[in-house]
Amino acid sequence: MTPSRTPPPEPPARRWRDPGPQLRYDVVIVGAGGHGLATAYYLARDHDIRNVAVLERGWPAGGSTARNTAIIRTAHRGEQRAAFHDHALRLWERLPAELEHEFLLGRPGVLDLAHTEQEVRDSRRRVFADELDGVDAEWVTPEEIAEICPVLDLSRDVRYPVLGATYHRRGGIAEHDHVAWAFARRAGELGVHLVPGCEVTGFLTAGDRVTGVRTARGPISAGRVALAVGARTASLTDALGLRVPVQSHPLQALVSEPLEPVHPCAVLSRHAHVHCSQARGGELVLGAGVDAQDGRQDPVHAVERRLAAALELFPIFANAHVVRTWAGTADVTPDASPIIGPTPYENLFLNCGWGTGGFAATPGAGWVYAHTIATGRPHPLNEPFGLERFTTGALVDEPGATAVAR
């Protein structure tokens, strides 16, 4: 394979305001990743709440938004999760025109492979459930897979024989940095303040009511405070005595040198614990599910396992060279579904627990989170994902969503 000469896309010029923090805002959003920026945009656009600050301890989109493999799809067995992600996908489809920003949304489709008879049964059941929920999905045979993705090894005498797959034609990939920049620019044009280098260290409270945040640049009062900090959520809520059932795990990914375009879609294998796609610039992007251990590490053996699994599925890539690896942090809940809604503290809201599926949910999460913050109550799409489900027992068990190869 000959390295591709296609140059990577140029990042857009910075076009949002950084006025520094004011003393008071109607809403303070903690975290300037994709979810936080999307929430600010929809608050300003849909609810006319523009006295909003998005506080970020580092730089915009410098956390999990920049440390994922950017796959967008809807493929979830649970009715609640399928409806949510289908709504998010519909938002994805019109965002480039709406934001007037090219974030390189590609629609090559997503194959989710089945390697055992049990996976075949589970996958077909998930397709049937998606169809009943109005979500387009289909089951494809190995012969059909060969037409969709010719570089995939479909031999029967291999370690991971492919018995079929679910196929989501509307799925694809997007340039995550461009997505965040697009939301940041539009939110800034609507009056939102984006404040990098402003770490939140605690909360201002009055009884069971949150009245603002403490930051490294001084206290900021707020009518409402919304957390969108992913794996850092528990470190902030612990200061309030509010225990959030999330656990953080490292999430590994790696990128090859640029190659000629030969890999036509995104391919996921839960069994092999790996997924692979080809970026617009020609690089192979490989990732997997979360690692079992807590914390954030980049162990060599984890990278070796990803490569071994990928080469079992794609022996054609054996001579490609890895040029970089990175590790992000995924926050996972006990039922593998997110938490997005109010908390027992008045004026404090949570958006966390997305595991490996947070990027795909970006516009949908921002849209329902903005509604929840503006009205004080969840939208029907995120009502099942409230924090209280862990005490009432109304869990949203979603084995097809989080902590898997995505």
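Is E189 buried, partly exposed or exposed? The tour of this predicted model begins with that residue and the helix that carries it.

**Stop 1: helix α5**

Select E189, which counts as partly exposed because its relative accessibility is 48%. Add R185 to the selection: the two side chains meet in a salt bridge, with N and O 3.9 Å apart. Both residues belong to helix α5, residues 176-189, and are separated by four positions, or about one turn of the helix. Residues three or four places apart in an α-helix point the same way, because there are 3.6 residues to a turn. The partners are not equally accessible: R185, at 7% relative accessibility, counts as buried, whereas E189 is partly exposed.

Now extend the selection to the whole of α5. Of its 14 residues, 11 are buried, so the helix is largely enclosed by the rest of the structure. The buried set includes H176, H178, V179, F183, R185 and R186. To see what covers them, display α1 (34-47), α2, β8 (193-195) and α8 (362-375), against which the buried residues of α5 pack.

A distance between the end C-alpha atoms of α5 gives 20 Å, in agreement with the 20 Å that its 14 residues should span at 1.5 Å a residue. Beyond the helix, select G191, which follows α5 and has a positive phi near 105 degrees.

**Stop 2: F183 and the core around it**

Return to α5 and centre the view on F183. Leaving aside residues up to four places away in sequence, F183 touches L37, A38, Y41, Y42, L95, L99, T362 and P363. Together with W92, F183 has the most contacts inside the largest nonpolar core, which has 46 residues. The elements that contribute two or more residues to this core are β1 (24-30), α1, β2 (52-55), α2, α5 and α8. Among these, α1 gives the most, with seven residues. Another core lies apart from this one; it has 28 residues, and V200, V213, L242 and V246 are among them. In soluble globular proteins, nonpolar side chains tend to be buried together.

**Stop 3: helix α8**

Select α8 next, one of the elements that pack against the buried residues of α5. Which residues of α8 are buried? They are T362, P363, G364, A365, G366, V368, Y369, A370, H371, T372 and I373. With 11 of its 14 residues buried, α8 is mostly covered. From first C-alpha to last, α8 reaches 20 Å, close to the 20 Å expected at 1.5 Å a residue. Just after the helix, G376 adopts a positive phi of about 85 degrees.

**Stop 4: salt bridges**

Side chains of opposite charge can pair when their charged atoms come close. How many salt bridges does the model contain? The count comes to 16.

Select D86 and R170, whose side chains form one of them at 3.4 Å from N to O. This pair links distant parts of the chain: D86 is in helix α2 (residues 79-99), while R170 is in the loop between β6 (164-168) and β7 (172-173), 84 residues apart. D86 counts as buried because its relative accessibility is 8%, and R170 counts as buried at 17%.

For a contrasting environment, select D48 and R50, which form a salt bridge with their closest N and O atoms 3.2 Å apart. D48 counts as exposed at 58% relative accessibility, and R50 counts as partly exposed at 37%.

**Stop 5: the eight-stranded sheet**

Finally, display the strands of the open sheet, which follow the order β5-β6-β4-β13-β14-β15-β12-β16 with mixed pairing. At the edges stand β5 (138-140) and β16 (322-332); each has a single partner strand, so one side of each is left without a neighbour in the sheet. On average, neighbouring strands of this sheet are turned by 20 degrees against each other, direction ignored.

Strands of a sheet pair through backbone hydrogen bonds, either parallel or antiparallel. For an antiparallel example, select β4 (residues 110-114) and β6, which are joined by five bridges. Which residue of β6 is the bridge partner of D112? Select T166 to see that partner.

Key: Residues are numbered from 1 along each chain as its sequence is written. This is a predicted model: local features need pLDDT of at least 70, side-chain atom pairs count only at pLDDT 80 or more; totals for chains, interfaces and linings use all residues. Side-chain values use heavy atoms; hydrogens and water are left out. A salt bridge is a side-chain nitrogen of Lys or Arg within 4 Å of a carboxyl oxygen of Asp or Glu. Buried means under 20% relative accessible area, exposed over 50%, partly exposed in between (1.4 Å probe, protein chains only). The expected span of a helix is 1.5 Å times one less than its number of residues. Contact means heavy atoms within 4.5 Å. Two strands pair if DSSP finds at least two bridges between them. Axes are lines fitted to C-alpha atoms, for helices over the stretch in contact, and angles run from 0 to 180 degrees between N-to-C directions. A nonpolar core is a set of buried Ala, Val, Leu, Ile, Met, Phe, Trp, Tyr and Cys residues joined through side-chain atoms within 4.5 Å.
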